[in-house]
Amino acid sequence: DHVPLDQPDRDLEAIRTLDLAAVQRLAARELQPDRMIAALRGPKSAIAAAIAALGIDRSKVETEKPPAQ
């Protein structure tokens with residue numbers, strides 16, 4: 001299908017006009033944190049800081065060493 005050339009601008013405006021409370025209600029209703037999976041890549045210290053800031057239980061974090069080069 002053809003997408004209008006101004007679609008990115010329309011999308012951006014739609015995002016700008018979102019009501020934070022409505023988004024939070026939707027997230028609370030629809031997201032299932034116990035079923036979520038996130039993949040993070042980057043410096044170990046930055047990832048550890050992000051995990052700590054989010055209050056994620058470290059026992060639920062799996063790590064994998066990068067392949068040898």
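# Notebook: salt bridges, surface and overall form

I began with the ion pairs, and the count for the chain comes to 2 salt bridges. I note at once that I am working from a predicted model, and that what I record here is computed from it.

**Entry 1, the pairs.** I looked up the partners in turn, bearing in mind that side chains of opposite charge can pair when their charged atoms come close. In one salt bridge the side chain of aspartate 6 meets that of arginine 10, with 3.2 Å from N to O. In another, glutamate 30 is joined to arginine 29, and here the closest N and O atoms lie 3.0 Å apart.

**Entry 2, exposure of the partners.** I then checked how far each partner is open to the surroundings. Aspartate 6 has a relative accessibility of 33% and therefore counts as partly exposed, since that class lies between the buried limit of 20% and the exposed limit of 50%. Arginine 10 falls into the partly exposed class as well, at 45%. For the other pair, glutamate 30 is partly exposed with 46% relative accessibility, whereas arginine 29, with a relative accessible area of 60%, is exposed.

**Entry 3, the nonpolar patch.** Next I turned to nonpolar side chains on the surface, where I found a patch formed by Ile15, Leu18 and Val23, which together have about 280 Å² of accessible area. I followed up valine 23 in particular: this residue sits in helix α2, which covers residues 20–30, and its relative accessibility of 34% makes it partly exposed.

**Entry 4, the fold.** For the secondary structure I recorded 3 helices and 0 strands, so that I could write down the order along the sequence as α-α-α.

**Entry 5, overall dimensions.** I compared the radius of gyration of the chain, 18 Å, with the value near 11 Å that a compact globule of 69 residues would have. Taken along the principal axes, the box filled by the C-alpha atoms is roughly 45 × 35 × 20 Å. I also looked up burial, and buried residues account for 3% of the 69 residues in the chain.

**Entry 6, surface and charge.** The accessible surface of the chain amounts to about 7,200 Å², and carbon and sulfur atoms hold 57% of that area. Finally, I took the charges as a whole: the chain carries 10 positive and 11 negative charges, and the mean positions of these two sets are 9 Å apart.

Conventions:
Residues are numbered from 1 along each chain as its sequence is written. This is a predicted model: local features need pLDDT of at least 70, side-chain atom pairs count only at pLDDT 80 or more; totals for chains, interfaces and linings use all residues. Side-chain values use heavy atoms; hydrogens and water are left out. Patches are made of residues with over 30% relative accessible area and no salt bridge: like charges are joined within 9 Å, nonpolar side chains (Val, Leu, Ile, Met, Phe, Trp, Tyr) within 5 Å. Accessible areas come from the Shrake-Rupley method with a 1.4 Å probe; for residues, only the protein chains shown count as cover. A salt bridge is a side-chain nitrogen of Lys or Arg within 4 Å of a carboxyl oxygen of Asp or Glu. Helices (H or I, at least four residues) and strands (E, at least two) are DSSP runs, numbered from the N terminus. Buried means under 20% relative accessible area, exposed over 50%, partly exposed in between (1.4 Å probe, protein chains only). The radius of gyration is taken over C-alpha atoms; the globule rule is 2.2 Å times the number of residues to the power 0.38. Lys and Arg count as positive and Asp and Glu as negative; His and the chain ends are not counted. The place of a charge is taken as NZ of Lys, CZ of Arg, CG of Asp or CD of Glu.
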